[in-house]
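Biologist: I'm new to this one and would like a close look at a single part. Could you pick one, walk me through it slowly, and then show me how it sits among its surroundings?

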Amino acid sequence: MADSPYWNPKNETMPREDLRRLQLLKLRRLCDWAYARTPFHRRRFDEAGFHPDQLKSLDDARRIPTMTRDDWVRSQSEKPLWGDLIATDPINAIRYHLTSGSTGRQPLRALDSTKDWEWISEMWCYGSWAFGVRPADIVYFAFGYGSFIGFWGAHYACEKIGALVVPGGAQSTERRLEQIIELEVTTIYSTPTYALRLWQEAVAMGIDLTKSKVNKVIVSGEPAGSIPAMKRQLEHGWGAKCGDTAGMTEIGTIFTYECAAQPGGTHIIEDNMFEEVMNPATGEPAKYGELGERIVTSFGRGFIPLIRYRSGDIVMRVPHSTCRCGRNSDIYDGGIRGRWDDMKLIRGTNVYPRAVESIIREHDSIDEFQIYVWRDENNIRDEITIRLELKPDRLADWEPIRERLGKDLAGAHEGLRFNLELMPQDSLPRYELKAKRLIDARPQAGGLTQ
Amino acid sequence: MSNISNTATDLLGQSLTANEEQLLAAYRELKRLAAISDLPPCAARAVRKALACMWQAVNDLDLEFEQLYDLGV
């Protein structure tokens, strides 16, 4: 089976009708478990008039109340440390993690058991194997190994696959690059932003990564991994295929991944998750090809059962047949397209950071950027400024970039004028984990927002 | 290979293969071992770690889907 393109051929290729039957069975058992063991879910199910016995088909899942990040935070704030969300004694946990806090909000705390961690790494196995990671690979994790759950699961997944794992923890970018070359690494795991930074640093060090052994760059942690221009830059710079994945601390692992066929989106791990896409305005299910909010139920994490969790992610689901790889799992076209709560309203126009980044990344002269939202001195008019750093050898491109980028951004945003500001080299922050490129400096009750 | 009769089914009602029967039997044996309270720590933790791995196999192959927290797994 070592030559199988599928990590789990049975479930990844079964008829969709069977897949849905499997999801219903797991959903029922998970709801039974949550109702019996967590005060949080019992209370919410009772308030909604829902009982797990009512689940006769997956359509009945809509009877289950949704849960939100605020619900999780409130529960843990009212009953520190774990709230009334946990389904078993904390003594059964072997690991504690929390959200990255990159949005400036109170982090979520999560506990997982030995079994949970097997599952967390297993989801990364689905994605890693699908993108071509095999026992012969030498895998480098350009990741800080902290309380943020990040690539921990991927590390264990690669060990499970049998690859040689190199934990590139607390080291400089320069030292990491030296190791990547010295150890003849074939596969890199990092955020897309940091993979870009590694490439830029390599250029500065006189290293041509296209001549290295690296043939796969697997990214996660930011929506940018599925931005076509970003992917093109990474594939060009590394001379390797770039595959996107997406996960969340609330699940503990990834829920979607790009396969080696690179269909322009990411497969959902449907035998281990029940994913719905909802029109956030109407609450109705979105059809294939329509944008909506991801609602996720995880079948793997039972310590803190995650049932119909409103992720806030913007996605567009398309059928599995969109991809030629033969998997039965549907696809998020374009990966995670951003977050509903990332949207900024500027003079009546909706601005999504990922959409802005998609346009900026079309210009490969741009080294780093920041989206700065502010209000004029009279506290009346909202403005948006894109602060840009160009690559040191491309400073002469500034005038044509300013003209073209200004037009492209306005054209994609109902004519909204974007101010463009050229920044000195290395004046904007660089990131290893989740990049935070949006600053909203408008006066608000709570001060600065993200 | 297994000499267990091929009469059991997976979660979707399909007959188990001989390999699946063996995996399920190994999983159940590990569960039995995990319930023993007087194993030495080295064995007790090894059994739990093995059971977690085997849980993943039976979950992947739709042979069983259940929680193991009450066994400390």
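Modeller: Let's start with a term we'll need: two residues are in contact if their C-beta atoms, placed from the backbone, lie within 7 Å. Keep in mind, too, that this is a predicted model. Take the contacts in chain A between residues at least 6 apart in sequence: 67% of them join residues at least 24 apart. Buried residues account for 45% of the chain's 450 residues. The C-alpha trace of chain A spans about 65 × 60 × 40 Å along its principal axes. A compact globule of 450 residues would have a radius of gyration near 22 Å, and chain A agrees because its own value is 22 Å.

Chain A has eleven helices and 19 strands, so let's zoom in on one sheet. Eleven strands make up this open sheet, and reading across you meet E4-E3-E5-E6-E7-E8-E9-E13-E12-E11-E10 of chain A, with mixed pairing. The edges belong to strand E4 (164-167) and strand E10 (273-278) of chain A; each has a single partner strand, so one side of each is left without a neighbour in the sheet. From one strand to the next, the twist averages 40°.

Helix H8 (residues 192-204) of chain A packs on this sheet, where it touches strand E5 (187-190) and strand E6 (216-219) of chain A. The direction of H8(A) makes about 125° with that of E5(A).

Now follow the chain through that stretch. E5(A), H8(A) and E6(A) together make a right-handed β-α-β unit. The strands E5(A) and E6(A) run parallel and are joined by four bridges. If you want a spot to click on, A:Ser190 stands opposite A:Val219 in E6(A).

The next step goes from E6(A) to E7(A), which pair in the parallel sense, again over four bridges. Here A:Ile218 has A:Gly243 in E7(A) as its bridge partner. To get from E6(A) to E7(A), the chain passes through helix H9 (residues 228-238) of chain A, and this β-α-β crossover is right-handed as well.

While you're at E6(A), look at where its side chains go. In a regular strand, side chains alternate between the two faces of the sheet. In E6(A), A:Lys216 and A:Ile218 point one way, while A:Val217 and A:Val219 point the other way. All four of these residues are buried, the lysine included.

One more strand along, the direction changes: strand E7 (residues 241-248) and strand E8 (residues 253-257) of chain A run antiparallel, with four bridges joining them. There you'll find A:Met248 opposite A:Thr253 in E8(A).

Helix H6 (residues 152-161) of chain A also belongs in this picture. Its buried residues are A:Trp152, A:Gly153, A:Ala154, A:His155, A:Ala157 and A:Cys158. They pack against helix H5 (114-130), strand E3 (138-141), E4, E5 and E8 of chain A. After H6(A) comes A:Gly162, with a positive phi near 105°.

So what fills the middle? The largest nonpolar core holds 111 residues, and those that touch the most other members are A:Tyr189, A:Ala195, A:Val217 and B:Leu51. H5(A) gives the largest share of this core, with nine residues. Click on A:Tyr189: leaving aside neighbours within four places in sequence, this tyrosine is in contact with A:Val139, A:Phe141, A:Ala142, A:Phe143, A:Phe151, A:Ala154 and A:Ile218. Two of the names there, A:Ala154 from H6(A) and A:Ile218 from E6(A), you've already met. Apart from this core lies another, of eleven residues, including A:Ile360 and A:Phe418.

Chain B comes in here too: 21 residues of chain A are in contact with 17 residues of chain B. On the chain A side, the elements giving two or more residues are helix H1 (9-13), helix H2 (16-37) and H5 of chain A. H2(A) provides the largest share, seven residues.

Finally, chain A has another open sheet, of four strands in the order E18-E17-E16-E19, also with mixed pairing. Neighbouring strands in this one are turned by 20° against each other on average, direction ignored. In its middle, strand E16 (residues 366-375) and strand E17 (residues 382-390) of chain A run antiparallel over nine bridges, and A:Gln370 has A:Arg387 as its bridge partner in E17(A).

Note on methods. Residues are numbered from 1 along each chain as its sequence is written. Chains are lettered from A and ligands numbered from 1 in the order in which they are written. This is a predicted model: local features need pLDDT of at least 70, side-chain atom pairs count only at pLDDT 80 or more; totals for chains, interfaces and linings use all residues. The radius of gyration is taken over C-alpha atoms; the globule rule is 2.2 Å times the number of residues to the power 0.38. A residue is buried if 20 or more other C-beta atoms lie within 10 Å of its own, exposed if 12 or fewer, and partly exposed in between; C-beta atoms are placed from the backbone. Two strands pair if DSSP finds at least two bridges between them. Axes are lines fitted to C-alpha atoms, for helices over the stretch in contact, and angles run from 0 to 180 degrees between N-to-C directions. A crossover is right-handed if, with the strands pointing away from the viewer, the path from the first strand over the helix to the second runs clockwise. A nonpolar core is a set of buried Ala, Val, Leu, Ile, Met, Phe, Trp, Tyr and Cys residues joined through C-beta atoms within 7 Å.
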